[in-house]
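Trainee: Can we go through this one together? I'd like to start in the middle and work outwards.

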Amino acid sequence: MKILVTGGAGFIGSHLVRQLLADHHEVVILDNLSTGALEHLPSQGYMLWQMDIRDEQVIAQIAAAHFDAIVHLAAQTMVDVSIRDPRLDASENITGLLNVLEAARQGQVKRLIFASTAAAYGDVLEQDLPVKEDHKLQPMSFYGLTKVTAEHYLELYQQLYGLDYVVLRFANVYGERQGDTGEGGVISIFAKRIAAAEGITIFGDGQQTRDFVYAGDIAEGICMALATDQVNTVYNLSTQTETSLNALVELFSQAAGVPVKPSYGPVRTGDINRSMLCNEKAVGRLGWQPQMTLLEGLRRTYQYFKTHQ
């Protein structure tokens, strides 16, 4: 397949590009390199368009290339940034998406894979965990809101123009090459600071939980979404496991082989308390299953940042 990956030089994108190339797909990356980096990518095997998805000129360029599929990863992913600057968040996550959708429509793209988020669900009641795809969407941040809005755009583009899509709601993704920001950024922040023998801070009491899923498993899920005939629907990609931030610190001590003692700060606006996504639909209909244990994933992430200080 000829596949466009927007945001392909970013954290998740760099894991995906490696998997697509290993599967012998023709890959084009569209990335403005604002948060992505060339050093994240293999040295060859793909084409790079250094462009911003918000620029209207991307519509004609993407349309003219006639891709079989687009994986849309380019986005503003920081909850706190979305709270401080909702216009920026909407610019990247809505205007950018619309450019990609228009390009897909004009270029007769067969399928679009969209990276959504656990933040779409907001803070849910304990009895509703793990959260299923049909749970009420009630985002607590503008970031989550733009992702929910984007999902509705995909539904309408499919109804009006026949553009097939798969929405993947990621749990908290982590792994090598992750930046200090984004939903799973706590792991990369901790890994960098522990590697540099610096202190770490937990915002809140540390009892808040997340569902941490390794980026390589996410890349595999995206590849399965590209191949499935179960389209025009939503899948959670998660481990279906809750891990508190306090427990995460204990695992980091094992992964790094050093004692880690966090300090604690105030709760941040927009942060949810508990998060765990049900992955039964992805397991049953995509045939996807997360492979990486959290301890091994933390070891790999820590070692990456240890050698990239």
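**Strands, loops and a surface patch**

Mentor: Ala69 stands opposite Arg111 in strand 5. Bear in mind that this is a predicted model.

Trainee: Which strand pairs with strand 5 there, and in what sense?

Mentor: Strand 4, residues 69–72, pairs with strand 5 in the parallel sense, over 4 bridges. Val71 of that pairing has Ile113 in strand 5 as its bridge partner.

Trainee: And on the other side of strand 4, what does Ala69 have as a partner?

Mentor: Ala69 is the bridge partner of Ile3. Strand 1, residues 2–6, is joined to strand 4 by 4 bridges, and the two run parallel.

Trainee: Are the strand 4 side chains buried or exposed?

Mentor: Buried, whichever way they point: Ala69 and Val71 go one way, Ile70 and His72 the other.

Trainee: Back to strand 5. How many of its residues are buried?

Mentor: 7 of the 7, over residues 111–117, so strand 5 is largely enclosed by the rest of the structure. Buried here means under 20% relative accessible area.

Trainee: Which residues sit on each face?

Mentor: Arg111, Ile113, Ala115 and Thr117 are on one side, with Leu112, Phe114 and Ser116 on the other. Both faces are covered.

Trainee: What about strand 6, how many bridges does that make with strand 5?

Mentor: 7 bridges, with the strands running parallel; strand 6 is residues 164–170. One of the opposed pairs is Ala115 with Leu168 of strand 6.

Trainee: What links the two, and with which handedness?

Mentor: Helix 5, residues 142–161. Together with strand 5 and strand 6 it makes a β-α-β unit, and that unit is right-handed.

Trainee: Anything to note in the loop between strand 5 and helix 5?

Mentor: Pro130 is in that loop. The peptide bond leading into Pro130 from Leu129 is cis, with omega near -5 degrees. Ala119 lies in the loop between strand 5 and helix 5 as well.

Trainee: Is Ala119 buried or exposed?

Mentor: Its relative accessible area is 13%, so Ala119 counts as buried. Ala119 and Phe170 are 51 residues apart along the chain, and their C-alpha atoms are separated by 8.9 Å.

Trainee: New topic, the surface. Which residues make the nonpolar patch?

Mentor: Ile83, Phe142 and Leu145 make a nonpolar surface patch of about 230 Å². Ile83 belongs to helix 3, residues 79–84.

Trainee: Why does Ile83 count as partly exposed?

Mentor: Because its relative accessibility is 31%, and partly exposed covers the range between 20% and 50%.

Trainee: Now helix 6. Which of its residues are buried?

Mentor: Gly185, Ile187, Ser188, Phe190, Ala191, Ile194 and Ala195 are buried in helix 6, which covers residues 185–195.

Trainee: And what do those pack against?

Mentor: Three strands and two helices: strand 7 (172–174), strand 8 (201–203), strand 10 (212–214), helix 8 (245–256) and helix 10 (294–307). Just after helix 6, Ala197 takes a positive phi of about 60 degrees.

Trainee: Where is Arg177, and what is its phi?

Mentor: Arg177 is in the loop between strand 7 and helix 6. Its phi is near 75 degrees, a positive value in a residue other than glycine. At 13% relative accessibility, Arg177 counts as buried.

Trainee: And Asn232, what's its phi?

Mentor: Near 55 degrees, again positive in a residue other than glycine. Asn232 is in the loop between helix 7 (215–227) and strand 11 (233–237). With a relative accessibility of 27%, Asn232 counts as partly exposed.

Trainee: Last one, Ile272. Where does Ile272 sit?

Mentor: In the loop between strand 13 (263–265) and helix 9 (280–286). Ile272 is buried, with a relative accessible area of 13%.

Trainee: What is Ile272 in contact with, ignoring neighbours within four places in sequence?

Mentor: Gly122, Asp123, Met140, Gln208 and Arg210. Ile272 and Ser141 are 131 residues apart in sequence, and 9.5 Å apart in space from C-alpha to C-alpha.

Note on methods
Residues numbered from 1 in each chain as written. Predicted model: local features only at pLDDT ≥ 70, side-chain atom pairs only at ≥ 80, totals over all residues. Heavy atoms only, no water. Buried < 20%, exposed > 50% of the residue type's maximum accessible area, 1.4 Å probe, protein only. Pairing = 2+ DSSP bridges. Right-handed = clockwise from strand over helix to strand, strands pointing away. Patch = residues over 30% accessible without salt bridge, like charges linked within 9 Å, V, L, I, M, F, W, Y side chains within 5 Å. Areas by Shrake-Rupley, 256 points an atom, 1.4 Å probe, with all protein chains shown as cover. Salt bridge = Lys/Arg side-chain N within 4 Å of Asp/Glu carboxyl O. Contact = heavy atoms within 4.5 Å.
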